[in-house]
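Here's a quick briefing to read with the model open beside you. It goes through pockets, nonpolar cores and one lysine.

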Amino acid sequence: MRYININRLTLPDGWYARAAAAKAAVEAGDSLDDHADVWRDLKHNMADLFPNEKCWYCETKCVRDDNAVDHYRPKGRVRDAINPHSGYRWLAFDLNNFRYSCRYCNERRVNVKGDTEGGKADRFPLLDESKRVYNEGPCDEEFPVLLDPCDPTDWKLLGCQLENGKPCSTSQDETDKQRVEESIKIFHLHHEPTCKARHAEAVHFVQLVKEAKQLYLQLETELAGHQSFKRKAAEILTAMDRSAEYSGEKHFLLRAERDSRHPWIQDLLEA
Ligand SMILES: [Zn+2]
């Protein structure tokens, strides 16, 4: 996961007026689906915010899939609400509630082998259910359990295990861990084919870091090695670039490689 600045989203001409008209029509009795084109029309603009049509939740490239605009706060019912909740309908046309998502993260699915299941659908748990908002109004008091790619800090909480590519928490804080563990299940981030793909990327990435470390330690004795080290560092940056799959998890793996003999790693993390 990486941070997505949704404020950078460019909109089609007249979009705000269309959204306001749709919201008014729904309040007057129209169904949400009658106006689904209001959010669907932003799909390609949203895809452009994150290179390679990657899902904002799982960072998988979905070039042959039909990605969707997910409503972070569900527009229909909310399964986790303690009282019947007909959805955050007033946010159905609010672009701050839109996330670009693959179908595995967005739709309820069971893996072919039947060993994992997930998909967000109507899930939206809160850390404190008593703060749940049921009617139109600010949701600032709600603390969502689900990691949010549009939150500037959430993305750093999600890492992966080098051993097998399974997603994991990067934090030891109990609340952070709870949020990550629930997010893994609800976004189906432990889906086996995704873990395999993440594992292959992680192993390759850590190998690059090892090679760069060897080259760096040789620099004191071999001036000629500078170019080799720089090329390897550039490869690491490319592999961890926002355009690459699972770049947030690679960022986590690189953070774990920091030590006093390799100050260049911090430079790459901040590049
Ligand atoms: Zn996804």
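What follows is a short tour, grouped by topic.

Keep in mind that this is a predicted model. Its largest pocket comes in at about 410 Å³, and the second largest holds about 300 Å³. On the nonpolar side, the largest core counts 27 residues. There's also a buried lysine, K213, to look at.

**The largest pocket**

- With a volume of about 410 Å³, this pocket is lined by 17 residues.
- If you want to find its centre, go to Y72, R73, N96, R99 and D148, the lining residues closest to that point.
- The lining splits into nine charged, six nonpolar and two polar residues.

**The second largest pocket**

- This one has about 300 Å³ of space and a lining of 18 residues.
- Nearest its centre you'll find V69, D70, H71, K75 and N106.
- Three elements each put in at least two lining residues: α2 (37-40), β1 (68-71) and α4 (103-106).
- Strand β1 has the largest share, with four residues.
- By class, the count is nine charged, five nonpolar and four polar.

**Nonpolar cores**

- Within the 27-residue core, the members that touch the most others are C55, Y57, Y88, C105, F124, L158 and L189.
- Helix α5, spanning residues 174-186, is the top contributor to this core, with three residues.
- A separate core of 24 residues lies apart from it, and I6, V26, A36 and F98 are among its members.
- Y88 is worth a click: leaving out neighbours within four places in sequence, it's in contact with R73, P74, K75, G76, V78, F124, R132, V133, C139 and E142.
- Two of those contacts turn up elsewhere in this briefing: R73 is among the residues closest to the centre of the largest pocket, and K75 is among those nearest the centre of the second largest.
- F124, another Y88 contact, is also on the list of core members that touch the most others.

**K213, a buried lysine**

- You'll find K213 in helix α6, which covers residues 192-217.
- Is K213 buried or exposed? It counts as buried because its relative accessible area is 15%, and the cut-off for buried is under 20%.
- Its side chain has a polar partner: the side chain of E257, at 2.8 Å.
- Beyond four places away in sequence, K213 touches E257, D259, H262, W264 and I265.

Definitions and conventions
Residues numbered from 1 in each chain as written. Predicted model: local features only at pLDDT ≥ 70, side-chain atom pairs only at ≥ 80, totals over all residues. Heavy atoms only, no water. 1 Å grid on protein atoms, 1.4 Å probe; cavity = no way out; pocket = protein on both sides within 12 Å on 5 of 7 lines; lining within 4 Å. Points joined across faces, edges and corners; volume = space filled by probe spheres on them. Nonpolar A, V, L, I, M, F, W, Y, C, P; charged D, E, K, R; others polar. Core = buried A, V, L, I, M, F, W, Y, C linked by side-chain atoms within 4.5 Å. Buried < 20%, exposed > 50% of the residue type's maximum accessible area, 1.4 Å probe, protein only. Contact = heavy atoms within 4.5 Å. Polar contact = N/O pair within 3.5 Å; in protein donor to acceptor, adjacent residues only side chain to side chain.
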